[in-house]
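Here is a short set of exercises to work through with the model open beside you. Try each task before reading its solution.

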Amino acid sequence: MATLIEDYALIGDMQTAALVARDGSVDWLCLPRFDSPAVFAGLLGGDEHGCWRLAPAAVGAGAASAAARRRYRGDSLVLESEWDTPEGTVRVLDLMPPRQDAAPVLVRIVEGVRGRVTMRSALRPRFSYGRVVPWVRRVDPDGTGTPGYDADRNTFTRSYGSRELDASLLLIPQVGFLPPGDPRVAGTVEAVRREPCEDGFVRRYPLADGPDRGGGASGDGLPGGEGVFLACSFWLAHDLALIGRRAEGRRLFERLLELRNDVGLLAEEWDTRRGRLVGNFPQAFSHVPLIDAALRLGGDGA
């Protein structure tokens, strides 16, 4: 059974990164840079696509072999995983030291905690497996000024002449386009909460199969069925604090924090139907607005 995307932890050296599964398998690593071909690509299929599994010999692969505990050491990206077995307890440290101009290094250290545990290491690299190809989503530019404002609903819209909303409208007060006290800002926040939302979380924009579209086309050339975007939901929590509704913003923020995996990472989206993380993982665009919202909710946000 393939590992769920939310069951991975990230380690990296600021020039590339690896994804480590709960069963001790490194299933994704491009070398020597983020945009290089993959050496480990088990994330896309199975062990034959490249991986490095390091775990107690007494356990196999998959959920049954998952580490009992995982955490990052302090404020570092040094990942610590521990397994409890009938023979004892063992710990594996995974890290990639910053290297500047040196060659990349993936370090895996085994530490005995209790008893005597036999370990198994299975290294199956697959060099030059493939290169990451960026994809681009087409969206209309956000409307600003009077042509991009719907006075009847007291909200800005995604483009001139359109009645559609886009979650990026939540950035209007955050980037200083209008002050938070402007009534059009509060109106736009309320409109986004009503329309491109599901279970209290924010979609990037209305989708063809979403409850907010009634079967219309989203206009981006993509099929429906996407999850809610976590970055946009953190924008909403941030905006609620900006317009003086800090308690509501904090409640949403705390709900979002509950979606993190066991080592505190978030994906790009949350599937409200299946109750799991989906999309790009880990997603920096989810973590940056998390920090911004935390600063706003936790203090004056200056």
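**Exercise 1.** Which residues in α2 meet which residues in α4?

Solution. Before starting, note that this is a predicted model, in which local features need pLDDT of at least 70 and side-chain atom pairs count only at pLDDT 80 or more, while totals for chains, interfaces and linings use all residues. Residues are numbered from 1 along each chain as its sequence is written, and side-chain values use heavy atoms, with hydrogens and water left out.

Step 1: look for contacts, meaning heavy atoms within 4.5 Å. On the α2 side you should find L230, A231, F234, W235, A237, H238, A241 and L242. Their counterparts in α4 are F285, S286, P289, L290, D292, A293, R296 and L297.

Step 2: compare the spacing with helix geometry. An α-helix has 3.6 residues a turn, so residues three or four places apart point the same way.

Step 3: find the angle. Axes are lines fitted to C-alpha atoms, for helices over the stretch in contact, and angles run from 0 to 180 degrees between N-to-C directions. The axes of α2 and α4 lie 8 Å apart, at an angle of about 15°. The two helices are therefore roughly parallel to each other (angles under 35 degrees count as roughly parallel, over 145 as roughly antiparallel, 65 to 115 as roughly perpendicular and the rest as oblique).

**Exercise 2.** Describe how α2 packs against α3.

Solution. Step 1: the axes come within 7 Å and cross at roughly 155°. α2 and α3 are therefore roughly antiparallel to each other.

Step 2: list the contacts. L230, S233, F234, L236, A237, L240 and A241 of α2 meet R246, E248, G249, L252, F253 and L256 of α3.

**Exercise 3.** Check the length of α4 and find its buried residues.

Solution. Step 1: helices (H or I, at least four residues) and strands (E, at least two) are DSSP runs, numbered from the N terminus. α4 covers residues 284–298, 15 residues, and at 1.5 Å a residue it should span 21 Å; the expected span is 1.5 Å times one less than the number of residues. The end C-alpha atoms are 21 Å apart, which agrees.

Step 2: buried means under 20% relative accessible area, exposed over 50%, partly exposed in between (1.4 Å probe, protein chains only). In α4, S286, H287, P289, L290, A293, R296 and L297 are buried. Their cover includes α2 (230–242) and α3 (246–257).

**Exercise 4.** Repeat the check for α1.

Solution. Step 1: twelve residues, 183–194, should span 16 Å; the end C-alpha atoms of α1 are 17 Å apart, which agrees.

Step 2: V185, G187, T188, V189, A191 and V192 are buried in α1. Among the elements covering them are β12 (155–156), β13 (197–198), β14 (201–202) and α2.

**Exercise 5.** What is the strand order in the open sheet of four strands?

Solution. Step 1: count two strands as paired if DSSP finds at least two bridges between them. The order is β6-β7-β8-β9, with antiparallel pairing.

Step 2: find the edges. β6 (69–72) and β9 (107–115) each have a single partner strand, so one side of each is left without a neighbour in the sheet. On average, neighbouring strands here are turned by 15° against each other, direction ignored.

Step 3: zoom in on β8 (residues 88–95), which eight bridges join to the antiparallel β9. R91 stands opposite E111 in β9.
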